[in-house]
Amino acid sequence: MKQATFTLTANEQIAQDIYCMTLTGDASDVTRSGQFVNLSLPGHYLRRPISVADFTPRGVSLLYKVVGEGTAQMASMSPGTQLDLLTGLGNGFSLPDQSRNILLVGGGIGAAPLYHLTKDLIGLHCQVTIVLGFTSWADCFYLKRFQQLGAQVYVSTVKGDVGTKGFVTDAIRAHNIQADYFYACGPMPMLSALCHSLDYSGEVSLEARMGCGFGICMGCSIETRQGPQRVCKEGPVFRKEELIW
């Protein structure tokens with residue numbers, strides 16, 4: 001973990017209530033897809049944990065959804081704003097040691113940490129299929145960007161105005177998507193449904209309310225088959241077989 005000051009260089013709305021914030025600074029502690037940062041906001045006691053969508057040693061891109069006062073404050077920030085970040089937090093996704101047929105599944109803003117992961121997997125010559133679930137077309141983002149990386153992209157929407165009507169599990173069945181390993185991030189009901197419906201192994205990134213974000217307060221602990229684990233420290237990525245639903 002490292003604490004550093006970052007400079008906001010872009011803060012753009014990319015879908016309904018969804019923003020992409022680009023920050024420059026020392027991001028050398030961010031080394032794996034699936035890690036997160038903890039961002040300090042003026043006037044708020046607790047930091048905001050935000051998944052890293054993309055990164056280089058010189059900066060990070062964060063995708064976030066406006067859901068409360070803190071994220072609304074983030075959406076109002078202009079380029080040049082200085083922000084205090086804790087970086088290099090959490091254990092990210094593991095990568096296969098050989099080329100594989102991979103399924104990625106993102107629910108809403110849960111698609112964020114899958115972007116750099118897609119880069120990693122394509123770089124390892126994996127065949128990557130990604131299923132993204134949204135409420136409606138207005139909520140969709142990054143479809144073309146995932147395609148440009150070389151992934152096969154499918155979409156499900158609850159309203160059915162684009163892609164398969166229903167949930168990500170409906171899209172997987174409708175397109176008869178086959179894989180031998182999966183990675184996923186999104187709402188807990190979605191992750192539970194995936195773990196129960198897919199008969200092969202995988203990894204899921206959990207969402208949880210956090211206090212400290214680096215393992216001290218124990219506020220984000222969950223029960224696993226290995227005993228209590230902290231989402232911020234041992235996670236947020238867990239193997240399917242570790243979780244108790």
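**Close-up 1. The contact between domain 1 and domain 2 in this predicted model.** Between them, domain 1 and domain 2 bury about 1,200 Å², and 61% of this area lies on carbon and sulfur atoms. The size of an interface is often given in this way, as the accessible area lost when the parts come together. Domain 1 covers residues 2–89 of the protein chain, and domain 2 covers residues 101–205. Their centres, taken over C-alpha atoms, are separated by 23 Å, and the contact takes 15 residues from domain 1 together with 13 residues from domain 2.

**Close-up 2. Strand 12 and the strands that pair with it.** Strand 12, made up of residues 202–205, is paired in the parallel sense with strand 11 (residues 181–185) over four bridges, and in this pairing Tyr183 stands opposite Glu203. Between these two strands the chain passes through helix 5 (residues 188–197), forming a β-α-β crossover that is right-handed. Strand 12 is also joined by three bridges to strand 15 (residues 237–239), and these two strands run antiparallel; here the bridge partner of Val204 is Phe238 in strand 15.

**Close-up 3. The two faces of strand 12.** In a regular strand the side chains alternate between the two faces of the sheet. In strand 12, Gly202 and Val204 belong to one side, while Glu203 and Ser205 belong to the other, and as these four residues are all buried, both faces of the strand are covered.

**Close-up 4. The aromatic pair of Tyr115 and Tyr142.** The structure holds nine aromatic pairs, one of which is formed by Tyr115 and Tyr142, whose ring centres are 5.1 Å apart and whose planes meet at 65 degrees, so the pair is edge-to-face. Tyr115 lies in helix 2 (residues 114–123), whereas Tyr142 lies in the loop between strand 8 (127–134) and helix 3 (143–149), so the pair ties together parts that are 27 residues apart in sequence. Tyr115 is buried, with a relative accessible area of 5%, and Tyr142 also counts as buried, at 10% relative accessibility.

**Close-up 5. Phe134, Phe141 and the aromatic cluster.** The rings of Phe134 and Phe141 have their centres 5.5 Å apart and their planes at 65 degrees, so this pair, too, is edge-to-face. Phe134 counts as buried at 6% relative accessibility, and Phe141 is likewise buried, with a relative accessible area of 3%. Ring pairs link both of these residues with Tyr115, Tyr142 and Phe146 into a cluster.

Conventions: Residues are numbered from 1 along each chain as its sequence is written. This is a predicted model: local features need pLDDT of at least 70, side-chain atom pairs count only at pLDDT 80 or more; totals for chains, interfaces and linings use all residues. Side-chain values use heavy atoms; hydrogens and water are left out. Buried means under 20% relative accessible area, exposed over 50%, partly exposed in between (1.4 Å probe, protein chains only). Two strands pair if DSSP finds at least two bridges between them. A crossover is right-handed if, with the strands pointing away from the viewer, the path from the first strand over the helix to the second runs clockwise. Rings of Phe, Tyr and Trp (its six-membered ring) pair if their centres lie within 6.5 Å; planes under 30 degrees apart count as stacked, over 60 as edge-to-face and the rest as tilted. Domain bounds come from an automatic or database domain assignment. Contact means heavy atoms within 4.5 Å. Buried area is the accessible area (1.4 Å probe) that two parts lose on being put together, summed over both.
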